[in-house]
Amino acid sequence: MIRWNIAAGATASAVLRGHVSELPVGRAGADERCLVTNSGADTITDPELPASGDAFWYLVRGENVLGNGPYGFEGLHGVPAAPRLSATCP
């Protein structure tokens, strides 16, 4: 089970999952999957297991009527830069 705190100002969340071998988030051709979107829940169970020797990463972002937040930010010399986005779970 994956549990998170809903972001301040958010009314819902989206959960994005991918394979560690396909990082970073939003990379062209990456194996990302939108597990849930526009959900008011703060938990989800992922029934899939990664292949032996592989692992999944999970990112959660806040959503509300004004739009969706990013899946974090790229770093540039230790400073947050461009937002991380995904075409899989836009």
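Throughout this tour, a residue is called buried when its relative accessible area is under 20%, exposed when over 50%, and partly exposed in between, with a 1.4 Å probe and protein chains only. The model is predicted, so local features need pLDDT of at least 70 and side-chain atom pairs count only at pLDDT 80 or more, whereas totals for chains, interfaces and linings use all residues. Residues are numbered from 1 along each chain as its sequence is written, and side-chain values use heavy atoms, with hydrogens and water left out.

**The aromatic pair**

Select Phe56, which is buried at a relative accessible area of 14%, and then add Tyr58, which is partly exposed at 30%. A search of the whole structure returns 1 aromatic pair. It is formed by the rings of Phe56 and Tyr58, whose centres are 6.3 Å apart and whose planes meet at 80 degrees, so the pair is edge-to-face. For rings of Phe, Tyr and Trp (its six-membered ring), a pair requires centres within 6.5 Å, and planes under 30 degrees apart count as stacked, over 60 as edge-to-face and the rest as tilted.

Keep Phe56 selected and add Arg17, whose charged end sits over the ring of Phe56, 3.9 Å from its centre. That wording requires NZ of Lys or CZ of Arg to be within 6 Å of the ring centre and within 35 degrees of the ring normal.

**The sheet**

Switch to a cartoon view, in which strands (E, at least two residues) and helices (H or I, at least four) are DSSP runs numbered from the N terminus, and two strands pair if DSSP finds at least two bridges between them. Follow the open sheet of 4 strands in the order β3-β2-β5-β6, where the pairing is antiparallel. At its edges stand β3 (33–39) and β6 (67–68), each with a single partner strand, so one side of each is left without a neighbour in the sheet.

Next select β5 (residues 56–64), which runs antiparallel to β6 and is joined to it by 2 bridges; Asn64 stands opposite Gly67 in β6.

Move then to the loop between β2 (12–19) and β3, where Pro24 is found, and inspect the peptide bond from Leu23 to Pro24, which is cis with omega near 10 degrees. Within strand β3 itself, select Asn38, which has a positive phi of about 55 degrees although it is not a glycine. Asn38 is exposed, with a relative accessible area of 60%.

**The disulfide**

Select Cys34 and Cys89, which a disulfide joins with an S to S distance of 2.0 Å (a disulfide being a pair of cysteine sulfur atoms within 2.5 Å). The two cysteines link distant parts of the chain, 55 residues apart, with Cys34 in strand β3 and Cys89 in the segment after β8 (79–83). Colouring by accessibility shows Cys34 as partly exposed at 27%, whereas Cys89 is buried at 2%.

**The hairpin of β7 and β8**

Finish at β7 and β8, which pair in the antiparallel sense over 3 bridges, and select Leu76, which stands opposite Val79 in β8. The hairpin has 2 residues between the strands, and His77 takes a positive phi near 55 degrees there. His77 lies in the loop between β7 (73–76) and β8, is not a glycine, and counts as exposed at 78% relative accessibility.
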